[in-house]
Amino acid sequence: LAKGNGKNNFQFYNSGWNEIILRKMKIENEIRKAIDQNQFTLVYQPKVELKSGKIVGMEALIRWEHPELGFISPVEFIPIAEEIGLIVPLGEWVLKTACKQNKAWQEVGLPLLCVAVNVSVRQLQHSDFVKTVSKVLRETGLSAKYLELEITESVMQNIEESTVVLNELRSIGIWTALDDFGKGYSSLHILKELPIDTIKIDKSFVDDVANPKSESMIKSIIDIALNFNLNVIAEGIEHEYQSKVLMENKCSFGQGYHYSKPLNAVEFEMLLRKQSDIVAI
Ligand code: C2E
Ligand code: MG
Ligand code: MG
Ligand code: MG
């Protein structure tokens with residue numbers, strides 16, 4: 001940067017930070033209103049069997065279209081909702097909406113699929129979490145075996161407590177998956193300690209699968225997971241060759257733009273009907 005411009009640069013960075021802080025404060029305030037004003041929606045990304053491309057489940061992902069600010073990514077607002085504690089009511093809304101939608105699809109005769117919902121560590125550690133999940137299942141009429149909860153390795157911050165909660169969820173019949181596995185500092189220890197059913201191989205590995213080192217890491221992760229009797233699914237598959245390498249290494253399931261982007265409920269239902277040869281009513 002140009003010499004002698006120190007003061008201006010300082011002002012520039014200073015106002016940059018102001019903007020960031022103002023936007024964050026705005027988002028904090030707006031999340032509160034957005035739940036009541038129905039600004040959130042869910043989209044559903046198919047989980048597929050790699051060899052056939054057949055839909056075997058779906059992941060619900062939250063979307064926020066703010067009337068003024070436009071589309072705001074969950075990558076931006078979920079951490080803010082976590083920070084201010086609003087992730088608890090927001091997460092309950094996600095859970096309820098996803099279960100209700102899945103039940104509605106089941107009732108019109110679409111294939112019985114499991115819906116996956118992302119759960120923040122802050123929700124999992126909330127004392128009422130298991131009660132809330134049970135209540136949502138009861139109220140929506142969805143059977144527990146059609147619900148999967150995706151958690152991340154951040155639950156390791158409090159492994160004893162998380163293990164208790166995950167065991168309670170398991171006893172109800174809910175499936176659990178460890179999301180983003182391999183990203184950050186996941187250790188193999190987590191697989192040994194946590195009662196989970198599935199690991200989701202992080203997109204960063206899938207991106208890099210053409211690299212022989214990455215491929216052997218993926219292969220090792222899959223081998224260990226399968227030895228532990230865990231299911232394995234890969235995230236972020238964008239290209240055919242990635243899917244091929246994954247299958248060669250015994251990963252049978254995946255998600256990603258190569259198969260389908262996350263779809264709104266109407267689009268997802270159309271895709272499901274097309275695949276299952278069910279005529280629209
Ligand atoms: P995630 O749970 O790991 O979800 C996968 C993300 O990757 C999603 O982004 C999805 O749209 C995107 N994705 C899927 N396939 C591909 C692909 O082939 N290429 C690329 N580039 N991206 C792909 P999204 O929807 O923006 O969500 C980001 C993260 O926000 C999620 O990561 C999850 O951690 C969090 N999130 C989303 N919805 C919720 C929610 O309802 N509750 C909570 N607690 N977190 C959520
Ligand atoms: Mg997820
Ligand atoms: Mg993930
Ligand atoms: Mg992720």
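Here is a short chat about the ligand and the two magnesium sites in this predicted model.

User: What makes Asp 179 a bridge between the two magnesium ions?

Analyst: Asp 179 coordinates both the magnesium ion (ligand 2) and the magnesium ion (ligand 3), which are 4.1 Å apart. A donor has to be within 2.8 Å of the metal. For ligand 3, the coordinating atoms, an OD of Asp 179 among them, sit at 2.1 to 2.2 Å. For ligand 2, the range is 2.0 to 2.2 Å, again with an OD of Asp 179 included. Both ranges pass the cut-off, so Asp 179 counts as a donor on each side.

User: What else coordinates the magnesium ion (ligand 2), and why say that its donors tie together separate parts of the chain?

Analyst: Besides Asp 179, there's Glu 59 (OE), Asn 118 (OD1) and Glu 150 (OE). The spacing in sequence reads E-x58-N-x31-E-x28-D. Glu 59 is in strand β2 and Glu 150 is in strand β5, residues 147-151, so that pair joins parts 91 residues apart in sequence.

User: And which residues hold the magnesium ion (ligand 3)?

Analyst: Asp 179 (OD), Asp 180 (OD) and Glu 235, which is listed with OE twice. Their pattern in sequence is D-D-x54-E. Asp 179 belongs to strand β6, while Glu 235 is in the loop between β8 (231-234) and α10 (240-248), and the two are 56 residues apart.

User: How do you know that Arg 63, Glu 59 and Asp 180 make polar contacts with ligand 1?

Analyst: The test is a pair of N or O atoms within 3.5 Å. An N or O atom in the Arg 63 side chain is 2.8 Å from a ligand 1 oxygen. For Glu 59, a polar side-chain atom is 3.0 Å from an oxygen of the ligand, and for Asp 180 the distance is 3.1 Å. So these pairs fall inside the limit and count as polar contacts. On the area side, the protein covers 81% of the 800 Å² that ligand 1 has accessible on its own.

User: What makes up the shell around ligand 1, and where does ligand 1 sit?

Analyst: Ligand 1 takes up the space of the largest pocket. Elements giving two or more residues to the shell are β2 (55-66), α2 (74-83) and β6 (175-181), with β2 giving the most, four residues. There are 21 residues around the ligand, and the closest are Arg 63, Asn 118, Asp 179, Glu 238 and Tyr 257. By class, the shell has nine nonpolar, five polar and seven charged residues.

Conventions
Residues numbered from 1 in each chain as written. Chains lettered and ligands numbered in written order. Predicted model: local features only at pLDDT ≥ 70, side-chain atom pairs only at ≥ 80, totals over all residues. Heavy atoms only, no water. Near = heavy atom within 4 Å. Polar contact = N/O pair within 3.5 Å; in protein donor to acceptor, adjacent residues only side chain to side chain. Areas by Shrake-Rupley, 256 points an atom, 1.4 Å probe, with all protein chains shown as cover. 1 Å grid on protein atoms, 1.4 Å probe; cavity = no way out; pocket = protein on both sides within 12 Å on 5 of 7 lines; lining within 4 Å. Sits in = over half its atoms within 2 Å of the grid points. Nonpolar A, V, L, I, M, F, W, Y, C, P; charged D, E, K, R; others polar. Donors = N, O, S within 2.8 Å, 3.2 Å for Na, K, Ca; no water.
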